[in-house]
Each structure stands twice: as C-alpha cells, then as structure tokens.
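Subject: Model with two ligands

Hello,

Here is the structure we talked about, with my notes underneath. Please look through it before you set anything up.

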Amino acid sequence: MKLSIIGAGYVGLVTGASLAELGHDVIIMDIDRARIEKLDKGIIPIYEPGLDRLINKNSESISFTTKMDEVIREADIHFICVWTPPLKDGSADLSAVRAVARDLGKAFAKRKIKTPIIVTKSTVPVGTGKAIRQIVRKEYKNDFSVVSNPEFLREGQAVADMMHPDRIIVGSNDEESAKTVASLYQDLRAPIIITDIATAEMIKYAANAFLATKISFINEVANVCDLVGADVESVAEGIGMDKRIGKSFLKAGMGYGGSCFPKDVRALQQFANHNGYDFKLLKSVIEVNEQQRQMVVEKLINNLVTLKNKNIFILGLAFKAHTDDVRESGAIDLIIRIQKQGAKIRAHDPLALLNARRDLDDEIKFVAQPYQGAQGADAIVIATEWPEFRDLDWSVIKKQMRNPLIIDGRNLLDPRQMRSHGFIYEGVGRR
Ligand code: NAD
Ligand code: UGA
C-alpha cells in the first residue's frame, strides 16, 4: 500500500522505515527543510540503532518531501507522527497535529481522492481523533476516516520494538478503516486490538503512566531500603519474579526522564482534571520523580558538607543509555541543581555531548574521555546507565580523584567492587 508519514522524528522515521520493510511504499514528509535535505542525502538526523540500515535497505520504496501536495499525490493512508510537546499547564500542545489536519483537508479538497485514511501515531489526549475529524471536515466535504494507532516504541531500541511489538492498537469508529490499518501490520504476527478511538488514545497514556508509576514505586521502596538497610536490587528481583508484577521497569535510580514519560504523565493528569477527575496517584508519581534527583544532591552534600567550589564529575547526560537524546534528562536537571549549590561541573557522555551542550551553560566543562573528567574530582555521579561505565578502569579513576566519592544515581556499578577499590560508594537503596 502507499503510505505517507508526516513528521520525520524518532517515531516518523522508524515507522516509515519499518512499514517499508513490511513491503509498503512510503513517502516521509516534514516541515523541517534541513532535515529532509539530510535524509535525501542519506544522512539520518537522529541516533537510533539499526535505523540507517533499514532506510538504506528499503531506499527504493522510501522517498522524502516537504510538500503536502506531493504526499497526497503519492499516498492514501497518512500517519501523523509530529511532536506534541507539553504546554505550561501540562496539557499536550496539539498545534502541529491541528496544522497537519488542516493541511491534509486542504490537499484532499484539491484532489478529491477516494476515502483517505488519517492515522494518528503521535501521542494525543482523548478527544483528539474527534477534533481532527472536525478540522478536516471544514476543508473537505467527501468521505474520509480517522484512526488512532498509538506507538509504544522506546528510544535506543525503536527499530526492534517496532518490528517486534507486544501488541498493536487500532482505534476507529469505522470497521473498514480499522481493518485496513491493521492489515498493514499483519506480517508482524503481533496481537492486534481493535477499539474505538477514545479507548485507543487512552491506552497510550495509561501505558506510559503505569510504567512511570512502577518506576516511582520502586524508587520509594529504594528510599525505605536506604533507611532500613535492605537492598532494592534484590527486592526488585524478588517481587519481579511474581508474574503478576513482572521484572521490567523496576530499576531504582534518580527517576524517569525523556521526551515522553514526564510529558505524558502530566498530560493525563491534566486532561483527567479538565474532565472533572483528580488523578491523585499521578501527583505522587511526579513528586517522587522530582525528589529522586534532589536526593542525589543531598547525598553529595551529606558527604562533602558543602558543594561550593567542589569539582563534581557527571558521568552520563542522555535521559537513558543507548540514545543521544537529552530531552527532560535527569542528568541535565541534576547538573542545574548542583550548579546552584556553587559546584564546578565536568560532564561526559558517549553519545549525547553535543545535544547536552545546547541545553547547558558554558560554565560546564564537557570532556570526551571519562578519565579526563575524574582529574581532581571531589565526587563522581553516575547519571545515565551506560553499560560501558562499568568497564572503566576504576583503580585509575580513584588515583585521579581528590576525594574518592561515587554517588551512583542509576545503581549501575557493583558496590562491593567499588568499595574494594577504596571508593566511598552510595547507590539508591543499596546496602
Ligand atoms: P520528534 O521531535 O523526534 O519529531 C517530530 C517531527 O515532527 C519533527 O521532525 C518536526 O519537524 C515535525 N513536525 C512538526 N510540525 C510539523 C508539521 N506541521 N508538519 C510536518 N512535520 C512537522 O518527535 P518524536 O519523538 O518522533 O515524537 C512524535 C510523537 O510520537 C509525540 O507525540 C510523542 O509523544 C510520540 N511518541 C514518541 C516516542 C519516542 O520514543 N520518541 C514513542 C512513542 C510515541
Ligand atoms: C517510553 C516507553 O517505554 C515507550 O513504550 C513509549 O512508547 C515511549 O516512552 C513514548 O511514549 O515515547 P522511552 O522514553 O524511550 O520509552 O524510554 P524508557 O526506556 O521507557 O525509559 C524512560 C525513563 O525511565 C528513562 O529515563 C529511564 O532511565 C527510566 N527508567 C526506566 C527507570 O528509571 N527505571 C526503569 O526500570 C526503567
């Protein structure tokens, strides 16, 4: 089938490449001209393992454009994959989604095509499908369908998630269109759940909010472990083996970040509130998440008495490992908090240095080598769970530091090993 992808970000590019891999012809559109020019030259503007290979492999069936008219000429099913960032009140900014709906409506009206389908993959609050229908209807009087097909991929493993999903959700008020969209994925052999649009939109928020709740829950358990001398890693293992609980998303640390959990938890809370419901649990989830970052600052102060003029080396800037994305990264938030205490910061990340530089001020010294950053440091904070940090020569690092303190905000390192090197080691909820 001929499909268009509108928005060439993480979700758009991975969706486009994966649908091409499944045998469809795909045109990918974005308003960012520079981004499309890069893609035309074969340069992938984001870091996502396996994405360049998938796009190159399917280059015959993928094209790029900045023009909506071209999109409508080439495709009958249109996936909206544009951003939905948070507004100040926590609600999702739908201006890009609305703009795309309006442009699609206008372009449909010029060509009068047979029943086009608009599929929303962007994360949008309940009611957006209905709003899209109204916007398009103003421009285009013939038949068209709106389908919600939320995306559950994770950055850093997006291609694998897209090609091996746990489930596919298709929400529509029109059975025929739901079946057509579901059929695009049939070769993935994943369970497909067909619902109405509002339910599909809600499933996406409920999934992200539940995962964020799991993280805040284990973080609170970790905080109690710190006080009573229990070990949260073993507690997580012990509860996770109960199939009803499950092992994943029980890694305690300095809280969740990224472009989705923080924004989606706030948006669900906001639209619940807007509809007259006070989602109390989510308030606590957010509060605990903030507290986890502050706790790292307090652990530093407890050990160093003051942070004024202390050299703190931050290992990790990305919001999680295997990505260069620093949007709502806990590491960036932590750096700002530590800077306010008067500390001097050095920072290293295997992939995210360039992106972090844009978000932080010139006072911070970014180092390309971890060993450089350790020179004369009063403390090291592990802020992203990059596995390669485990393999550093910690005995060399210890010799370079002024004071051998490690605060492991991601419970990445082995406490026993670190202590045997002579470090003062503190994780989150670890004995
Ligand atoms: P992104 O910021 O990486 O990309 C968004 C793209 O949309 C940009 O390239 C931008 O130029 C383009 N765009 C904006 N307005 C446009 C317009 N009017 N017309 C055409 N293109 C336009 O965003 P993303 O991370 O891919 O997320 C997209 C959506 O998917 C969001 O709603 C997000 O919540 C959701 N989502 C993201 C992930 C993830 O892991 N990143 C996973 C699941 C769902
Ligand atoms: C998350 C969801 O996992 C995806 O299913 C969803 O599609 C996506 O949001 C989205 O809607 O955009 P992502 O943000 O890429 O994916 O990353 P995750 O792997 O979920 O991690 C999010 C944050 O939680 C990271 O900061 C990570 O360090 C933290 N985390 C994760 C923990 O602190 N503990 C854990 O056990 C797991």
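Ligand 1 has 26 residues around it (a heavy atom within 4 Å), and among them Val 11, Asp 30, Thr 84, Thr 123 and Lys 263 come nearest. This is a predicted model, in which local features need pLDDT of at least 70 and side-chain atom pairs pLDDT 80 or more, while totals for chains, interfaces and linings use all residues. Residues are numbered from 1 along each chain as its sequence is written, chains are lettered from A and ligands numbered from 1 in the order written, and side-chain values use heavy atoms, without hydrogens or water.

Polar contacts here are pairs of N or O atoms within 3.5 Å; within protein, one atom must be able to donate a hydrogen and the other to accept it, and residues adjacent in sequence count only if both atoms are side-chain atoms. Oxygen atoms of ligand 1 make such contacts with the side chain of Asp 30 at 2.6 Å, with the backbone of Val 11 at 2.8 Å and with the side chain of Arg 327 at 3.3 Å. On its own ligand 1 has 840 Å² of accessible area (Shrake-Rupley, 1.4 Å probe), of which the protein covers 93%.

Helices α1 (10-21) and α5 (95-111) each supply at least two residues of this shell (helices are DSSP runs of H or I, at least four residues, numbered from the N terminus). Domain 1 (2-194) and domain 2 (211-426) both contribute to the shell, so ligand 1 lies between them; the domain bounds come from an automatic or database assignment.

Ligand 2 has 20 residues around it, and Phe 152, Leu 153, Glu 155, Lys 204 and Cys 260 come nearest. Its oxygen atoms meet polar backbone atoms of Leu 153 at 2.7 Å, Phe 319 at 2.8 Å and Gly 257 at 3.0 Å. The protein buries 90% of the 700 Å² that ligand 2 exposes when taken alone. Helix α9 (197-228) and helix α11 (261-274) each give at least two residues to the shell, and α9 gives the most, with three. Ligand 2 also lies between domain 1 and domain 2, because both give residues to its shell.

One helix away from the ligand notes: in α8 (175-184), Ser 177, Ala 178, Val 181, Ala 182 and Leu 184 are buried (under 20% relative accessible area, with exposed meaning over 50%; 1.4 Å probe, protein chains only). They fall within an arc of 150° seen down the axis, so they line one face of α8; the arc is taken from the directions from the helix axis to the C-beta atoms. Exposed Glu 175 and Glu 176 sit on the face turned away from that side.

Regards
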